Amino acid sequence: MRSWLPTLFLVFTVSCGGRPFAEGSSRELTVITTLPSDAPEILLLRAIVERTAIRIDDEKAYVLRVVTPADASGYRARNVIVVGYGGAKDVPGPARRLHAMLRGEAGDASKSGSGPKAPFLFTPDLWLRGQAAGIVWTETREAWIPAVAAEQNRLFQALDRATFAGVRERIRSMPRDERAERELAEGLGIDMRVPRGMKLRLDREGRAALLLEEGPPARLLRLAVATGPPDADARHARAALAIRFRPDERTLDVSEPLLSPDVMAGATRQLHGRWEDAAVSAAGPFRYYEVTRGTMRLRIDLTVFAPGRPKLPYLRELHAIAETAEPSRRE
């Protein structure tokens, strides 16, 4: 009976007319496999994906959960990877479409002479909305660890891109605050999706804005239309934007600027670091970007205060909102 659960679940969701959203946090990664959780393959995958998030108090970028193919909850998760080896008959039924896609890409690589194809593939919205579904599969067990070890950075980046695609899908579906969007367009000449529930503060003279969700957790999205040459020091530029709305916030020193796979579209410069409040006991991570949108240059800062909670999922949501910013086309 249990072997029918995934199939019954998929039939139910498709027949309901309009797929619901996947469940859980963007930080959770569910592995569907017949391998035990302490198998060498799973331990290698855990080492690859549970790397430390950039400057967020040793927070892991993903937390891995292992389930069997008969566990229907696995197919409802936000981020799913089907892991195994063998032929098409060995792939769990709901994931055979993923396996066919992976083999199709491998065949294309062989025909083009570009060499062996990576043993993994990710695609958004395969079963549910806002979901990143992937497969890591080889023909034999002996080939699995060498193939994955050789592609571990690309695997992590592909997972990250698919995760962001799911986050963006969710942001696009959220109710919008049309009044705040109109004020932002009229005040700064910026069109941007503003989810309902976020407070907008405008500094028209400084051509800057703050989107605030007080929480807890507290989430802040600050942006400003850049004028003149950029500051030579990205930390100084970020600090100037931050204190415009929170005078007691301090931008802490970082050892070096850091590139990452989640660069914002159109980014010309970025900085990942930490902030603290000089007046109260509060601190957290930030992501700062300088981006171009057509002829407009923007400075964007994403800040989270979430003590005792994972911060990266909130930063991903702010990132997805900020990416919608562009020069206004309203008349």
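Here are some short exercises on the structure above, each with a worked solution.

**Before you start**

This is a predicted model, so local features need pLDDT of at least 70, side-chain atom pairs count only at pLDDT 80 or more, and totals for chains, interfaces and linings use all residues. Residues are numbered from 1 along each chain as its sequence is written, and side-chain values use heavy atoms, with hydrogens and water left out.

**Exercise 1. Find out how many helices and strands the chain has, and what share of its residues is buried.**

Step 1: Get the terms straight. Helices (H or I, at least four residues) and strands (E, at least two) are DSSP runs, numbered from the N terminus. Buried means under 20% relative accessible area, exposed means over 50%, and partly exposed is in between (1.4 Å probe, protein chains only).

Step 2: Count. The chain has eight helices and 14 strands.

Step 3: Look at burial. Of the 331 residues, 49% count as buried.

**Exercise 2. Work out the strand order of the seven-stranded open sheet, and which strands sit at its edges.**

Step 1: Decide what pairing is. Two strands pair if DSSP finds at least two bridges between them.

Step 2: Follow the pairs across. The order is β7-β8-β9-β13-β12-β11-β10, and the pairing is antiparallel.

Step 3: Spot the ends. β7 (199-203) and β10 (249-251) each pair on one side only, and these are the edge strands.

Step 4: Check the twist. From one strand to the next, it averages 20°; angles here run from 0 to 180 degrees between N-to-C directions, with axes fitted to C-alpha atoms (for helices, over the stretch in contact).

**Exercise 3. Zoom in on single strand pairs: how many bridges join β8 to β9, β10 to β11, and β11 to β12?**

Step 1: Take β8 (residues 208-213) and β9 (residues 218-225). They pair in the antiparallel sense over six bridges, and Ala209 faces Leu223 in β9.

Step 2: Move to β10 and β11. Three bridges join this antiparallel pair, with Glu249 opposite Asp277 in β11.

Step 3: Go on to β11 and β12. Nine bridges hold these antiparallel strands together. Arg274 stands opposite Pro285 in β12, and a hairpin links β11 to β12 through five residues.

**Exercise 4. Describe how helices α7 and α8 sit against the sheet.**

Step 1: Start with α7 (residues 234-245). This helix lies across β7, β8, β9, β10, β11 (267-277), β12 (283-293) and β13 (296-305), at about 70° to β13.

Step 2: Now try α8 (residues 312-322). Packed on the sheet, α8 touches β8, β9, β12 and β13, and its direction makes about 160° with that of β13. Touching, or contact, means heavy atoms within 4.5 Å.

**Exercise 5. Describe the packing of α2 against α5.**

Step 1: Know what to report. Two packed helices are described by the angle between their axes and the distance between the axes.

Step 2: Read off both. The axes of α2 (residues 40-49) and α5 (residues 152-173) come within 9 Å and cross at roughly 65°.

Step 3: Name the residues. Leu45, Ile48 and Val49 in α2 meet Gln152, Leu155, Phe156 and Leu159 in α5.

Step 4: Sort them. There are six nonpolar, one polar and no charged residues in this contact. (Ala, Val, Leu, Ile, Met, Phe, Trp, Tyr, Cys and Pro count as nonpolar, Asp, Glu, Lys and Arg as charged, and the others, Gly among them, as polar.)

**Exercise 6. Find the residues that touch the most other members of the largest nonpolar core.**

Step 1: Define it. A nonpolar core is a set of buried Ala, Val, Leu, Ile, Met, Phe, Trp, Tyr and Cys residues joined through side-chain atoms within 4.5 Å.

Step 2: Pick them out. Among its 60 residues, Val49, Val83, Ile190, Leu221 and Leu302 touch the most other members.

Step 3: Look for another. A second, separate core has 18 residues, including Ala22, Val67, Val82 and Leu126.

**Exercise 7. Asp125 and Arg207 have an unusual backbone angle: what sign does phi have in each, and are they buried or partly exposed?**

Step 1: Recall the background. Most residues other than glycine have a negative phi, and most peptide bonds are trans.

Step 2: Check Asp125. Its phi is positive, about 55°. Asp125 lies in the loop between β4 (120-124) and β5 (132-138), and is partly exposed at 22% relative accessible area.

Step 3: Check Arg207. Here phi is positive too, about 50°. Arg207 is in the loop between β7 and β8, and counts as partly exposed at 34% relative accessibility.
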